[in-house]
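Subject: Structure handover

Hi,

Here is the structure I said I would pass on. Please open it next to this note and follow along.

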Amino acid sequence: MDRHLLQYSGSKKTFLLVGILTVVQAAFIILQALSLSSAITRMFQGLEWKGTVISLAVFFVAHVIRHSLQWGKERVALKFADSIARSYQDQLAEALLRDGTGMIARYGSGSLLTLTLEGVPKFRKYVELFIPRSLSMGIIPAVILVYIVTTDLMSGVTLLFVMPILIVFLILIGIVSKKKIDDQMGTYRLLSRHFADSIQGIETLKFLGRSKSHEKAIAEVSDKYRVATNRSLSYAFLSSFSLDFFSSLSVALVAVELGLRLINGGIGLEAALAILILAPEYFLPVRDLGADFHATMDGKDAADEIRTLLADSNSDAKQELLNIPNVSEAGGFSAVALQKTGDHDIKIANDIQFSVAGHQKVGIVGASGAGKSTLIDLLAGFTSPTSGSFRIGDVEATTLAADSWRQQVTYIPQHPTIFSDTLRENIRFYHPKASDAAVHQAAQAAGLDQLVGELTEGLDEVIGQGGRPLSGGEEQRVAIARALLEDTNVLLLDEPTAHLDIETEHEIKQLLLPLLEDRLVFFATHRLHWMKEMDWILVMEDGCIAEQGTHEQLSAQNGVYSKLARAQREGMVL
């Protein structure tokens, strides 16, 4: 049994209510068997029909009540399962809204998508089935066994001896099957992640002419899932067949024992029939639980993953309560021995150390894959370092995923998100209460006048999906307009002009330069002409800071920075 089921709000009440209904149900199962055996015995012995009709009437009433109680148990379990599944769904949504980028960095968008859309419903089904099945297995056989022992000790001993064997067999099947179920779920998550990544990258694949060749990769991942699913199903069918076979064999063993004693006069016909009718009912809860085992284990695994994710998110939420001081007043900002480990324990950032003071413009350069974006993610609080710390004034923090830090930060990404809304609402997305005058002023300062003039509705024209599409330069101007509405101490830029042509980049540069003043700026780029505007430069290589200094100091050295500069002058792609 999953011990966590008893920790949810209302779980004890649910278990108690389902348990009481199960005890009453067991009593009606016994009454059903007694009335049916009485009716059959009366017909066999040729007794008057009045008593037989009464026995059959009692049987049908007991049968209806028994299944009504089963329906009631399932409704109670369903209500409880729906309640805690909704709670998990709300907590997941809250965690994604609070720290979505960090969670995506840690778990991947495909895994989160699968867990949110399918993990929660599977967990609901697991709880819905497991509670009544597990209580039925614990209560109904016990009640039936007590009745049979008091009626016929030998039959009771036979059933008592056979049940543990069946349970042990069920456990062994579960142990073997669990690995296959885990393999199947692992390949399913891989397929989901692959599908999500393929959807996100389809435009890039088409641009590079690789969309057709990507079909092979999709086919390979799909085939792995197909093979794993077939193996899981084969074990499920095998375990169901085995449980049915051994329970039927156990009932047959009881039937043979009762038949021999009935012939020898050791037991009466009515009592023997009642025990024979109850024997399948004795094993039925075990068979039901075994049959539902495969249908619910992925729900249990999903619940374990959700709890792990929420525990991680709650840990980050505690960090959000950390009061990071105003960086402009703190007197300094430093990173101490930062390390970040990715998939398969591969270090993607290692021993990053630097220190800056006041309103400095810090450039972060390096070839593609050097670790620039990883460092920006750490500085933005989108992800947390595996080890190391930050120091802002006298405050030391192991992560910058704190609300007090995020309120100080403005972030301009390489590809700004443009929402399906008006240009006006897109500009004030982070400041919904900004006045129309402030939005108009920000749009002018960001060089959006020409775009606004071309739009029929001006700032009220719908852009993005379903509206007027924007070019890369226009999208970047919208991001700059958003930044102009924010009066923050820290500005983070992650390759903001990497996808723009030279002419557009020059225009954007003239708009960005005033934004860089009187702030602590971290500017990640591989275009070195920006470095002449920087006060300090961090040169990244293989996830480490290979060099740091001013543009003049680094240019005078024959190091990584000089090699990057020579490569750009020679037209090499970094």
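Below is what I found in the sheets and the helices against them. Please keep in mind that this is a predicted model.

**The four-stranded sheet**

One sheet is open and has four strands, in the order 2-1-4-5. Its pairing is antiparallel. Which strands stand at the edges? They are strand 2 (347–356) and strand 5 (395–397). Each has a single partner strand, so one side of each has no neighbour in the sheet. From one strand to the next, the twist averages 15°.

Now the pairings. Strand 1 covers residues 333–341 and strand 4 covers residues 387–392. These two run antiparallel and share five bridges. To find the register, start at Ala335, which stands opposite Phe390 in strand 4. Val336 stands opposite Ser389, also in strand 4. Strand 1 also pairs with strand 2, again antiparallel, through six bridges. There, Ser334 has Ser355 of strand 2 as its bridge partner.

**The six-stranded sheet**

Another open sheet has six strands, ordered 6-9-10-3-11-12. Here the pairing is mixed. Strand 6 (409–412) and strand 12 (544–549) take the edge positions. Each of them has a single partner strand, so one side of each is left without a neighbour in the sheet. The twist in this sheet averages 15° from one strand to the next.

How many bridges join strand 9 and strand 10? Five, in the parallel sense. Strand 9 spans residues 490–494, and strand 10 spans residues 520–524. One pair to look up is Leu492 with its bridge partner Phe522 in strand 10.

**The helices on the sheets**

Helix 9 is worth a careful look. It packs on the six-stranded sheet. There it touches strand 3 (361–365), strand 6, strand 9, strand 10 and strand 11 (536–541). The direction of helix 9 makes about 150° with that of strand 9.

Helix 9, residues 372–380, also lies across strand 1, strand 2 and strand 4. It runs at about 60° to strand 2. So helix 9 has contacts in both sheets: strands 1, 2 and 4 on one side of the account, and strands 3, 6, 9, 10 and 11 on the other.

Helix 17 comes next. It is made of residues 560–569 and lies across strand 3, strand 11 and strand 12. Its angle to strand 11 is about 85°.

Best wishes

Notes. Residues are numbered from 1 along each chain as its sequence is written. This is a predicted model: local features need pLDDT of at least 70, side-chain atom pairs count only at pLDDT 80 or more; totals for chains, interfaces and linings use all residues. Side-chain values use heavy atoms; hydrogens and water are left out. Two strands pair if DSSP finds at least two bridges between them. Axes are lines fitted to C-alpha atoms, for helices over the stretch in contact, and angles run from 0 to 180 degrees between N-to-C directions. Contact means heavy atoms within 4.5 Å.
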